[in-house]
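Colleague: Before the model is used further, I should like to go through the terms applied to it. Please set each value against its definition.

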Amino acid sequence: MRGLVAWLTGLPGSGKTTIANAAAERLRAMGYRAEVLDGDWFRSHIDPEAGYTKEERVRHLVRASWVARLLARNGVIVICSFVSPYRDAREEVRKIISEEADFLEVYVKCPLEECIRRDPKGLYRKALAGEIRHFTGVSDPYEEPLSPDLVLDTVNNSVEENVEKLVNLITSRLRGSRAS
């Protein structure tokens, strides 16, 4: 069985990692092979020299997409949790992955004001104080997806509701792939 890649994009603090981890856990409980590639984990273990300029972010995302593609072509469901703020970079990621696996763009939607309020790592506070350069949503743009496969609203829906929506999309896409 071929795997697939669900690419979660959204502002820092929007809930991407929480949803990704819970969805992977649910999929594993259903008997699927599922992995999470998280932006923070990927930066610390695979790509520690990655910077935050647009060019450095794009290079970082391309590297992550090749890892996701390799896992997916070997039957793993890969849930990627990366801010991935630029549409053109997400299109490049889609192109790389789609050559060998299904690709789902999932927009984890949360208003900037709510992400700033949550600020789980204190990064918005630092960015707003000018201590962090190239911070998405503050000093760098976030380009919302124009036609994502799924939108997960983390203000109006619970984590459980969003996980359910994501798992349903993934499993229905997998069933559809087997039929073709």
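Modeller: Let us begin with the cysteines. The sulfur of Cys80 lies 19 Å from the closest cysteine sulfur, in Cys115, which is too far for a bond. A disulfide is defined as a pair of cysteine sulfur atoms within 2.5 Å, and by this rule the count comes to 0 disulfides. Cys110 is in no disulfide either, for the nearest cysteine sulfur, that of Cys115, is 3.7 Å away.

Colleague: What kind of model is this, and how are its residues numbered?

Modeller: This is a predicted model, in which local features need pLDDT of at least 70 and side-chain atom pairs count only at pLDDT 80 or more, whereas totals for chains, interfaces and linings use all residues. Residues are numbered from 1 along each chain as its sequence is written, and side-chain values use heavy atoms, with hydrogens and water left out.

Colleague: Why is Cys80 called buried?

Modeller: Buried means under 20% relative accessible area, exposed means over 50%, and partly exposed is in between (1.4 Å probe, protein chains only). Cys80 has a relative accessible area of 0%, and therefore counts as buried. Cys110 is also buried, because its relative accessibility is 4%.

Colleague: What makes strand 1 mostly covered?

Modeller: Helices (H or I, at least four residues) and strands (E, at least two) are DSSP runs, numbered from the N terminus. Strand 1 spans residues 4-9, and 6 of its 6 residues are buried. In a regular strand the side chains alternate between the two faces of the sheet. Here one side carries Leu4, Ala6 and Leu8, the other carries Val5, Trp7 and Thr9, and all are buried, so both faces are covered.

Colleague: How do you know that strand 1 pairs with strand 3 and with strand 4?

Modeller: Two strands pair if DSSP finds at least two bridges between them. Strand 1 is joined to strand 3 (residues 77-81) by 5 bridges, and the two run parallel; Ala6 stands opposite Ile79 there. Strand 4 (residues 102-109) is joined to strand 1 by 6 bridges, also in parallel, with Leu8 opposite Val106. Both counts satisfy the rule, so both are pairs.

Colleague: What makes the span of helix 3 close to the expected one?

Modeller: The expected span of a helix is 1.5 Å times one less than its number of residues. Helix 3 (residues 54-73) has 20 residues and reaches 28 Å from its first C-alpha to its last, close to the 28 Å expected. Helix 3 is followed by Gly75, whose phi is positive, near 85 degrees.

Colleague: Which residues of helix 3 are buried, and what covers them?

Modeller: Among the buried residues are Arg57, His60, Leu61 and Ala64. What covers the buried residues, through contact (heavy atoms within 4.5 Å), includes strand 1, strand 2 (34-38), helix 2 (39-45), strand 3 and helix 4 (87-98). Leu70 also lies in helix 3, but Leu70 is called partly exposed because its relative accessibility is 44%.

Colleague: Why is Asp119 called buried and His134 partly exposed?

Modeller: Asp119 has a relative accessible area of 17%, and so it is buried. The value for His134 is 25%, and therefore His134 is partly exposed. Asp119 has a positive phi of about 30 degrees although it is not a glycine, and its place is in the loop between helix 5 (112-118) and helix 6 (123-128). His134, whose phi is near 60 degrees, is found in the loop between helix 6 and strand 5 (150-153).
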